[in-house]
Amino acid sequence: MKNTLKFVLLASSLIISSTSTFAQTVAAPPEPIMPLPAKRHLIYDQEEMRLFVHFGVNTYTDMEWGDGTENPEIFQPTKLDTDQWAKVAKETGFGTIVLTAKHHDGFALWNSAYTDHDVGSSSWRRGRGDVVGDLEVSTKKYDLGMGLYLSPWDQNADVYGTDAYNGFYMGQLNELLSNYGELREFWFDGAKGPNVKEMNYKFETYWSMIRQKQPHAVLFSDAGPDVHWIGNEHGHAKPTNWSGYNMETSVGGPWVPELTYGSENGQYWTPGECNVSIRKGWFNHQDQPAKTTERLMEIYYKSAGRNCFVLINVPPNKDGLFDDRDVTALYEFKAARDKVFMTNFTRAANIYPTNQRAGDDEYSPNKLVDRDRESYWATDNGIKQAQIVFNMTREHEFNVVRLSEPIRMGQRIKSYEVEAMINSQWTVIAKGTTIGRKRLHTFKPVTTQNLRLRILDSKGTILLSEFGVHYDPMLPANYDQLDPDSENMQDGETHLLHRTTDTDR
Ligand code: FUL
């Protein structure tokens, strides 16, 4: 109430004191809507994509899951060059590298005081090798973040299955949290083989420990608390995807709708992360090719383009290097993204909204095309339906629409349609139920000069930060049929959770 009054007074004093030529209205800023992201989420939001690296004894046994009986001596990455990983990651658009410091076999890629199943027990670098330490230096050199995966399931630890394992796990966690600088992500994998001892993990305590030491690390698991698994390993989210979450599942727990769709009324800000490997497996197997640029673009549209963070895995080979095939695929994928998103045909359009917050320039619809995701167009309080017409300077052909909400103010838009003027008729070319950090729609190419965005429902006052249309020359006409998780599938068909196991090798 006080604020409103203050802004009314401010606005009228500006009008009164201004000379008649510049009457500028100043609107009270819109209120954020709960829940809101933390700074660690906003860091990930800036990056959008992170690079996953699966490396360990499986690289040498050609397995996907080891069993903890491996001889550490087999680990011999004689040409290990984490600078190569970091350079490629930086140049191809990734913000952080997340390394499997320990996979399910329990082999530690740093010299851990809690186990002999580690790099310290290999003759590689005379037992002084430290892959985590090398990666810390390289990520700093290339101005990247670092994240770590510490598998809860450990097939080597004798104490696994007893409460003592919680102490063991936290001991290892503490080594990683204390000795390798700032971390941006911690990955808690829910996988566990069949017929394995029951284990009562103390996840809440692990998470408290990370909060104390690494407040900027997002914590990933099926249940969040910061980022949650999207429920498949194809790198595909569903078109409806809220960042709100109530953590209705547990780590390694059963499928619940929330895992896939989030919750419109979720209490916590816990967006989905889509994880996928550039190859079939997570670890390097020489016979597996890298995914094509078309496949990687499809993944991008269905992950980053559906309000998800993206984690793409690249598996180093036995030498400790990324294979040329994967490196080439990453550069081609980057070039394809740049080509599509470099040109936004609405950039120079004349834009006419049905409502602009108190007529204030701060909330002008031109903010939609300024390439700044911080600035946004806003309506007056309580407006939940609005339209914007974009008159482009000439006709353009395009097949991608891009929208973003300013998510530091919460996620709010519930229903919208994008229309193109075709043969003098407004024709719907895309529609959606959520936007969030980024929403990309793909469709058969359309040629028009005039577009209309209709926001049909929102949880609160409308705020939108980006709107663009683009042309992707590689987009296949039958795009949706290529997607096993497309919106055309019945929900029930996608409810069986599947994690990669060794039988997928
Ligand atoms: C799964 C694991 O079982 C795979 O080995 C891999 O680490 C993948 C990212 O998560 O749950």
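In this predicted model, Glu 273 of strand E9 has Phe 309 in strand E10 as its bridge partner. The two strands, E9 and E10 (residues 308-313), pair in the parallel sense, and 6 bridges join them. Between them in the β-α-β unit comes helix H9, and the unit formed by E9, H9 and E10 is right-handed. On the E6 side, E9 is joined to strand E6 (residues 227-229) by 2 bridges, and these strands also run parallel. There, His 228 stands opposite Gly 272 of E9.

How many residues of E9 are buried? The count is 6 of the 6, so E9 is largely enclosed by the rest of the structure. In a regular strand, side chains alternate between the two faces of the sheet. In E9, Gly 272, Cys 274 and Val 276 lie on one side, with Glu 273, Asn 275 and Ser 277 on the other, and both faces are covered.

**The barrel**

E9 belongs to a barrel closed by 8 strands, in the order E1-E2-E3-E4-E5-E6-E9-E10, with parallel pairing. From one strand to the next, the twist averages 25 degrees. Strands of a sheet pair through backbone hydrogen bonds, in either a parallel or an antiparallel sense.

Four of the pairings in the barrel are set out below, each with a pair of residues or a bridge count.

| Strand pair | Sense | Bridges |
|---|---|---|
| E2 (residues 96-102) and E3 (residues 145-150) | parallel | 6 bridges |
| E3 and E4 (residues 185-187) | parallel | 3 bridges |
| E6 (residues 227-229) and E9 | parallel | 2 bridges |
| E9 and E10 (residues 308-313) | parallel | 6 bridges |

Strand E3 appears in two of these rows, paired with E2 and with E4. Thr 100 stands opposite Tyr 149 of E3. Toward E4, Gly 147 has Glu 185 as its bridge partner. E3 is mostly covered, with 5 of its 6 residues buried. Two β-α-β units include this strand. One is made of E2, helix H5 (residues 131-141) and E3, and is right-handed. The other, also right-handed, is made of E3, helix H6 (residues 164-179) and E4.

**Helices H9 and H10**

Helix H9, which takes part in the unit with E9 and E10, has Leu 296, Met 297, Glu 298, Ile 299, Tyr 300 and Lys 302 as buried residues. The buried residues of H9 pack against strand E9 (272-277) and helix H10.

Helix H10 (residues 324-341) is made of 18 residues. From its first C-alpha to its last it reaches 26 Å, close to the 26 Å expected at 1.5 Å a residue. Which residues of H10 are buried? They are Asp 326, Ala 329, Leu 330, Phe 333 and Val 340. Because these residues cover an arc of only 100 degrees around the axis, they are on the same side of H10. On the other side of H10, Asp 324, Thr 328, Ala 335 and Asp 338 are exposed.

What do the buried residues of H10 pack against? Their partners are helix H4 (82-91), helix H9 (293-302), strand E13 (386-404) and strand E18 (466-470). The packing of H10 thus involves both helices and strands.

**Tyr 206**

Tyr 206 is placed in helix H7 (residues 203-213). Is Tyr 206 buried or exposed? Tyr 206 counts as buried because it has 20 C-beta neighbours inside 10 Å, and the cut-off for a buried residue is 20 or more. Not counting residues up to four places away in sequence, Tyr 206 touches Tyr 169, Met 170 and Leu 173. One of these, Met 170, is 36 residues from Tyr 206 along the chain, yet their C-alpha atoms are separated by 6.6 Å.

**The chain as a whole**

The chain contains 10 helices and 18 strands. Of its 505 residues, 46% are buried. Among contacts between residues at least 6 apart in sequence, 78% join residues at least 24 apart. The contact between Tyr 206 and Met 170 joins residues that are 36 apart along the chain.

Definitions and conventions:
Residues numbered from 1 in each chain as written. Predicted model: local features only at pLDDT ≥ 70, side-chain atom pairs only at ≥ 80, totals over all residues. Pairing = 2+ DSSP bridges. Helix = DSSP H or I, 4+ residues; strand = E, 2+ residues; numbered from the N terminus. Axes fitted to C-alpha atoms, helices over the stretch in contact; angles between N-to-C directions. Buried ≥ 20, exposed ≤ 12 C-beta atoms within 10 Å, placed from the backbone. Contact = placed C-beta atoms within 7 Å. Right-handed = clockwise from strand over helix to strand, strands pointing away. Expected span 1.5 Å × (residues − 1). Arc of directions from axis to C-beta.
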